[in-house]
Amino acid sequence: MSLSPLVSRLPHVGTTVFTRMSQLAIDHGAVNLGQGFPDFACDPALVDLVTDAMRAGHNQYPPMTGLPALRGAIAAKIETTYGHRYDANAEITVTAGASQAIQSAILAVVHPGDEVIVIEPAYDCYAPAIALAGGVVVPVTMRLDADGYRVAWDDVRAAVTPRTRMVVINTPHNPTGTILRQADLDALVTIVQDTQILVLSDEVYEHMVFDGEPHASVARHPALAERAFVVSSFGKTFHVTGWKIGYVAAPAALMVEFRKVHQYNVFCVNAPMQHAIAAYLQDPAPWRDLPAFYQAKRDLFRSSLANSRFTLLPSDGTYFQCVRYDAISDLGEADFAEWLTREIKVAAIPVSAFYSQPKESHVVRFCFAKKDETLQLALERLARL
């Protein structure tokens, strides 16, 4: 007896644009400014701490919720930085990267038929997690004008229905490089107050906010923190994206439900890295110095293309720079990104890939989390256009 064709749980999901563009970059020998990962090493001291932890015998299962020392360091860091005290035992869980944290949070509280508002363009892991929970994605499109992208909070308010369960926000924002500010959080409060709507705040680029601006963490705003899952990533902060270690902070009642899913999803996160990061966090300099480090790379990127035919959109945070290319080509975004990779030997990501429905704005995204010599090579090629 042959098996019947499988009915996919994610029928609209295929190979991600990041995988496709990275492979295209390899095939054509292009500088890969597409996928968002550094091409430089992390601090050797952090690697030494992992080695020390392994040699000390920390190679068995750590607690399901995360190493107590690491949870305590996370709680202290959040309180020092954003002024909100989370209980390290009941309100913080260490996760296998931010994506697992996001998926587990959605699976924990979104039920079949619940609506989840997602602000687009949006990172691509939100919608599949909502689909797996049986929820319904309600996209709200950011507005794009000469000043860049911004959230239209009136549109968010209009998207709320009695079935709305959650609003997903992301700041600093991937892919656009914009940031939310206090006024944005205030606007969100007016939408969710006096409702049962939860908030999922993806803050993995929290330490990449430029020009002296503060990071508007949901943890700063008591009226939001009381109903929010706040997600961050050590992989982004410490240049170790392959380690896949992040965390989620949330009120105890939400964390109880989160941990039920987490326990049967990954159960726990690798022990040596947790010991290493807990020790590394004792010195705040690495994450406090990060904005200046990445702002220098952003400024190198922008100054090198200032006189080119690209139109540079604002990059207030993250390690991404979005550009308009309509003065160069009338190709659609996916076709232009592929042409750029094949012919100019620089890979980018089409921003159209971050929408649930096709939307063309003649914008592509570059990643500047690269060595200066990598950036210089790519920028020399791009500046010729």
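A pocket is an open set of points on a 1 Å grid over the protein atoms alone, with protein on both sides within 12 Å along at least five of seven lines; its lining residues have an atom within 4 Å of a point. Its volume is the space filled by probe spheres set on the points, which are joined across faces, edges and corners. The model is predicted, so local features need pLDDT of at least 70 and side-chain atom pairs count only at pLDDT 80 or more, whereas totals for chains, interfaces and linings use all residues. Residues are numbered from 1 along each chain as its sequence is written, and side-chain values use heavy atoms, with hydrogens and water left out.

**View 1. The second largest pocket and its lining.** The volume of the second largest pocket is about 180 Å³. Its lining includes the acidic residues Asp-147, Asp-184 and Asp-316 together with Arg-150 and Arg-181. Met-142, Tyr-149, Val-151, Ile-179, Leu-180 and Pro-314 also line this pocket, as does Thr-178. By class, the lining of the second largest pocket comprises six nonpolar, one polar and five charged residues (nonpolar: Ala, Val, Leu, Ile, Met, Phe, Trp, Tyr, Cys and Pro; charged: Asp, Glu, Lys and Arg; polar: the others, Gly among them).

**View 2. The largest cavity, lined in part by strands 3 and 7.** A cavity is a set of grid points where a 1.4 Å probe fits but cannot get out. Two cavities of 30 Å³ or more are counted, and the largest has a volume of about 100 Å³. Of the 13 residues that line the largest cavity, Ile-119, Val-168, Ile-169, Asn-170 and His-173 lie nearest its centre. Strand 3 (115–120) and strand 7 (164–170) are the elements giving two or more residues to this lining, and strand 7 supplies the largest share, three residues. Strands (E, at least two residues) and helices (H or I, at least four) are DSSP runs, numbered from the N terminus. The lining of the largest cavity holds 10 nonpolar and three polar residues, and no charged ones.

**View 3. The second largest cavity.** This cavity encloses about 40 Å³ of space. Glu-203 and Glu-206 contribute to its lining, alongside Ile-78, Tyr-82, Ser-217, Ala-219, Val-230 and Tyr-247. The class count for the lining of the second largest cavity is five nonpolar, one polar and two charged residues.

**View 4. An aromatic pair between Tyr-61 and Phe-267.** The whole structure contains 19 aromatic pairs. Rings of Phe, Tyr and Trp (its six-membered ring) pair if their centres lie within 6.5 Å; planes under 30 degrees apart count as stacked, over 60 as edge-to-face and the rest as tilted. Tyr-61 and Phe-267 are edge-to-face, with 6.1 Å between centres and 80° between planes. The two residues are 206 residues apart: Tyr-61 belongs to the loop between helix 2 (44–55) and helix 3 (68–82), and Phe-267 to the loop between helix 10 (252–265) and helix 11 (271–280). Tyr-61 is exposed at 74% relative accessibility, whereas Phe-267, at 31%, is partly exposed. For the relative accessible area (1.4 Å probe, protein chains only), buried means under 20%, exposed over 50% and partly exposed in between.

**View 5. The tilted pair Tyr-294 and Tyr-319.** The ring centres of Tyr-294 and Tyr-319 are 5.4 Å apart, and their planes meet at 55°. Tyr-294 lies in helix 13 (residues 290–305) and Tyr-319 in the loop between strand 11 (311–312) and strand 12 (320–324), so the pair ties together parts that are 25 residues apart in sequence. Tyr-294 is buried at 0% relative accessible area, and Tyr-319 is likewise buried at 0%. Ring pairs link both tyrosines with Phe-40, Tyr-205, Phe-293 and Phe-320 into a cluster.

**View 6. Lysine charges over the rings of Trp-287 and Phe-37.** A charge sits over a ring if NZ of Lys or CZ of Arg is within 6 Å of the ring centre and within 35 degrees of the ring normal. The charged end of Lys-77 is 5.0 Å from the ring centre of Trp-287. Lys-370 lies over the face of Phe-37, at 4.2 Å from the ring centre.

**View 7. Cysteines without a disulfide partner.** The structure has zero disulfides (pairs of cysteine sulfur atoms within 2.5 Å). For Cys-42, the closest cysteine sulfur is that of Cys-367, at 16 Å, which is too far for a bond. Cys-42 is buried, with 15% relative accessibility. Cys-322 also has Cys-367 as the source of its nearest cysteine sulfur, 11 Å away, and is buried at 0% relative accessibility.
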